[in-house]
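User: Hi! Could you walk me through this one? I'd like to start with the sheets and then move on to the packing.
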Amino acid sequence: MKKQLAEQYEPSWWSKLTQSPYFIYILVSPLFLVLLAYVVYPFYTTFVQSFAGNNKLANYQKFFSLKSTANLEALWNSLYISVISVITCAIVGVAMAFLLERYNFPGRRLLSVLVLIPMALPPLVGVLSFTFLYGESGIFPRALQHLFQLDSVPFSLKGVWGVIVVHTFTMYTYFYLTASAAIKGLDPSLEEAATSLGASRFRVWRKIILPMLTPSIIASSLLVFMVSMASYTAPLMFGVERTMTMQIYLARTNGNLDMAATQSTILSVVSITFLLIMRWYQNRRNYQNLSKGVSVHRSEVTSKPLKYFSVFLSFSGTLILILPILVLVLISFSKDGAWTIQILPTEYTLDHYKALFTDEKTWRPIWNSLKMGFVATIGNIIFGVAAAYAMVRLNFKGKTLLDVLITIPWALPGTVVAVNLIAAFSTESVFTFNQVLIGTFWILPLAYFIRHLPLVFRSTSASLMQLDQSVEEASRSLGAGWWHTFRKIVIPLTLSGILAGTLLAFVQSIGEFVASILLYSTSTIPLSVAIFQKLYAFKFGTACAYGVLQIILILIVLLISEKLSKGSAGSAI
Amino acid sequence: MKGVRIDSVSKKFGDVLGVSDLNLDIRPGEFFTFLGPSGCGKTTTLRMIAGFYYPSNGKIYFDQRDVTTLQPNKRNIGMVFQNYALFPHMTVDENIAFGLEVRKLPKAQIQEKVDRIRSLVHLGQYGKRKINELSGGQQQRVALARALVIEPDILLLDEPLSNLDAKLREETRFEIKRIQSELGVTTIYVTHDQTEAMTMSDRIMVMENGIVKQIGTPQEIYHKPNNRFVATFIGETNLLQMRITSIDGDTVTIQNDNGFVLHGYKQNYAKDLHASIGDNVYVSIRPESFRSELGDNSVRGTIQFVEFTGLSVNYVVNVQGTMLKAMIINAGSTIKQVGDEIELHIPPSNLYFLGE
């Protein structure tokens, strides 16, 4: 009877809609649409193109044919370069992590800062400095030649080994970061417990420390493998044509688009397989230590010979790490064309830096990259924040799919992303409002947007996960609507995460080379392509000045991010 | 202040039943507590009243208004969360003023209300402090002030004391009760702590596995439990399975397999119990109902365990193979030792009969 007394509350159509269990799918559909248009569809068109021609499988038969083995050789080269890179990176990265986390020696503090320098080097700039230092006409080989009065340089970095050395230098940081985090998380009392139970030092290593590090080592191995497979700049600069990425590049520049599509598809399959293995592995692993606040004891290096040895090691480590930047700075002041067979450049000038900001033609690529990076990053912010919120806070079917689709462009080699975009957008399509994008301003920002999709998404979801949901509920219970809560509570509390991802996406866009080289049009040459062109015109000074500018930009961003992540400690309640 | 009526509400999470067929009437101004072990559905019920969950079935009314699927921000409720959920990027005053700003009150009026509530919760000079500069107890009071300043129709408290240490918890308990009775706001309090429930509430709802086990005043719940769950969950008790051997007018005689015989009164039958001669029943005897002097239901046994708490002496006594917990108020008499004989009696009015 009470029911009849109750005042009838008739919901409007809008609230009926918003309370429907299916309303969530209306909310997340734009996210899926963007991914469909710019990730799935280009991928699909490449896939279709790889089967072009009368004989559907012709391209694949050609790829795997034993008559002309160029492609198989490339696949094999890519695979073994990647495997060796994983091994060398693992050795250097894990050894560095142990050295810096567990031992105390002169120069440790400096080294532990410099150890991350490779992260601050844009790929192209990094390879560039290596060829200046150790290449055939590089500073070191020539210096040795002069010193010992040899007829030719005694050694030089080239070919496959050049690629591997550069990979080791640029990618060991993946191992270093995860291994040092794992070592930091290693509770020293575990080792003490093992020792107290009678285990020898060696046994502690084998039975306690290594098993605890295995998850991080495996995760970084998969990552380094993926990044090596995708590597393009190093093979390009060291002239190793028989790698997958180079083959794609060559097929595309020779106009053999079907073959490029086939190669891209095969490379994508390898990359995506590794991505899925990595995701699977990361979900099932984890012996994270929960005991906090116990700091690891650093052993002091005591014996005299060891001390000298460690000083020598840390000094040479420091030198190796800092030389690439020093050489870039040095050459950026050198006069173009004046450096031929001498060890070091002979004439110096400030002109290149002046030109950066005064000469219209030199300034143009910087301005282009800033503009295109800006556009791409705006897209990354909007998409990344929305996707992170949906992923962390909403509950809907297809969450895993969304996560995988966002991560795929990150796993795909830049070369493949470019080939996909060419396949999809050289003709009009619905997704581009019936415009051809190739050859316009928009294609590069789109490529940057896709390649850096996960950056803002990741950092934002990380800060969202730290934000207790009850804080949002508290706001709602006090009468604030969803939008008000989002603006006044969610955004301010996750701002540091959003900004960190945004800055990273922005610098990455500014330095992007791999997709740019395949997609750029002469009206919008980006910075990285300009560096490449200056190099081939033997304008080393200008190229290096561009490089130094990029490094400065990256260092500023790293500094700000560091500040931000410290400032966010208060929001982690 | 409003009343809350819950009409046949169920809540499913996938296939798991969180709350099943709940009916409840909370009177305006009442202090009402949901009590139960974790996972019993008490927080789920609270969140349905707050609007963070919508029921799978049934209706929720605030007075006469159907709010079953009304959004939480339209309900005019005040909620205090277990972890307080204070906004870490705002000061104490900004936190408290948040709900008033949402309601678009004039600035001057907001400041006046914030000042008033701040002194009510004894946070007078802390207005400009950041949240992370406050202690746990102070944060708790900010959360309470923030929920109360909007003059909510209903105040919802979700285990608000569970993050405080024992001493502070007791203080804050009195404080919440004082403020609640001063403002007279309808309050729903969720806890798993029976002391909090007993001391603060006008009425208590005991829940287990999504089902209501009993609704009643603290005295009713304690002295007249409806079933074995309530009898054992609230306070300590001796729960014995016994058989009725005779009923003589109001007096019921029961016996267990060890030949242990007791007398009780029929008026102490639980609400739904209809037991007659030969039936098995459970009898609940609170440890504090034992008396050390002689009288009816006299029992004699050997002491198995002694515990001195200061306030009382707790014994575990073996009576013909049946273990009984007895609590004797410490009045200075000598304390017996393990192995000693002891003779106690249980007033028949302290036996309470429960069904299977």
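Analyst: Happy to; we'll take the sheets, then a helix residue, then the nonpolar cores. Keep in mind that this is a predicted model.

User: Great. In what order do the strands run in the open sheet of chain B that has strands 2 and 5 in it?
Analyst: The order is 2-1-4-5, four strands in an open sheet, and the pairing is antiparallel.

User: And which strands stand at the edges there?
Analyst: Strand 2 (16–26) and strand 5 (65–66) of chain B. Each has a single partner strand, so one side of each lacks a neighbour in the sheet.

User: How many bridges hold strand 5 of chain B to strand 4?
Analyst: There are 2 bridges between strand 4 (residues 57–62) and strand 5 of chain B, in the antiparallel sense. In one pairing, Y61(B) has D66(B) in strand 5 as its bridge partner.

User: Which helix packs on that sheet?
Analyst: Helix 1 of chain B, residues 42–50. Helix 1 touches strand 1 (4–13), strand 2 and strand 4 of chain B, and its direction makes about 115° with that of strand 1.

User: Now the other open sheet in chain B, the one with strand 16. What's its strand order?
Analyst: That one goes 17-16-15-18, with antiparallel pairing. Strand 17 (322–329) and strand 18 (341–345) of chain B are at the edges; with a single partner strand each, they have one side left without a neighbour in the sheet. The twist averages 45° from one strand to the next.

User: How many bridges join strands 16 and 17 of chain B?
Analyst: Strand 16 (residues 312–319) and strand 17 of chain B run antiparallel and are joined by 8 bridges. V319(B), for instance, has T322(B) in strand 17 as its bridge partner.

User: Switching to chain A: is T173(A) buried or exposed?
Analyst: Buried, because its relative accessibility is 2%, where under 20% counts as buried. T173(A) is found in helix 10 (residues 159–185) of chain A. Leaving aside neighbours within four places in sequence, T173(A) is in contact with V115(A), L116(A), P118(A) and M119(A).

User: Last topic: which residues touch the most other members in the largest nonpolar core?
Analyst: L421(A), L519(A), V4(B), F34(B), L156(B) and I188(B), out of 227 residues. Helix 10 of chain A gives the most to this core, with 12 residues.

User: What does L519(A) touch?
Analyst: Beyond four places away in sequence, L519(A) touches A418(A), L421(A), I422(A), I438(A), I443(A), L444(A) and A447(A). There is also a second, separate core of 33 residues, which includes F260(B), V317(B), A326(B) and L344(B).

Key. Residues are numbered from 1 along each chain as its sequence is written. Chains are lettered from A and ligands numbered from 1 in the order in which they are written. This is a predicted model: local features need pLDDT of at least 70, side-chain atom pairs count only at pLDDT 80 or more; totals for chains, interfaces and linings use all residues. Side-chain values use heavy atoms; hydrogens and water are left out. Two strands pair if DSSP finds at least two bridges between them. Contact means heavy atoms within 4.5 Å. Axes are lines fitted to C-alpha atoms, for helices over the stretch in contact, and angles run from 0 to 180 degrees between N-to-C directions. Buried means under 20% relative accessible area, exposed over 50%, partly exposed in between (1.4 Å probe, protein chains only). A nonpolar core is a set of buried Ala, Val, Leu, Ile, Met, Phe, Trp, Tyr and Cys residues joined through side-chain atoms within 4.5 Å.
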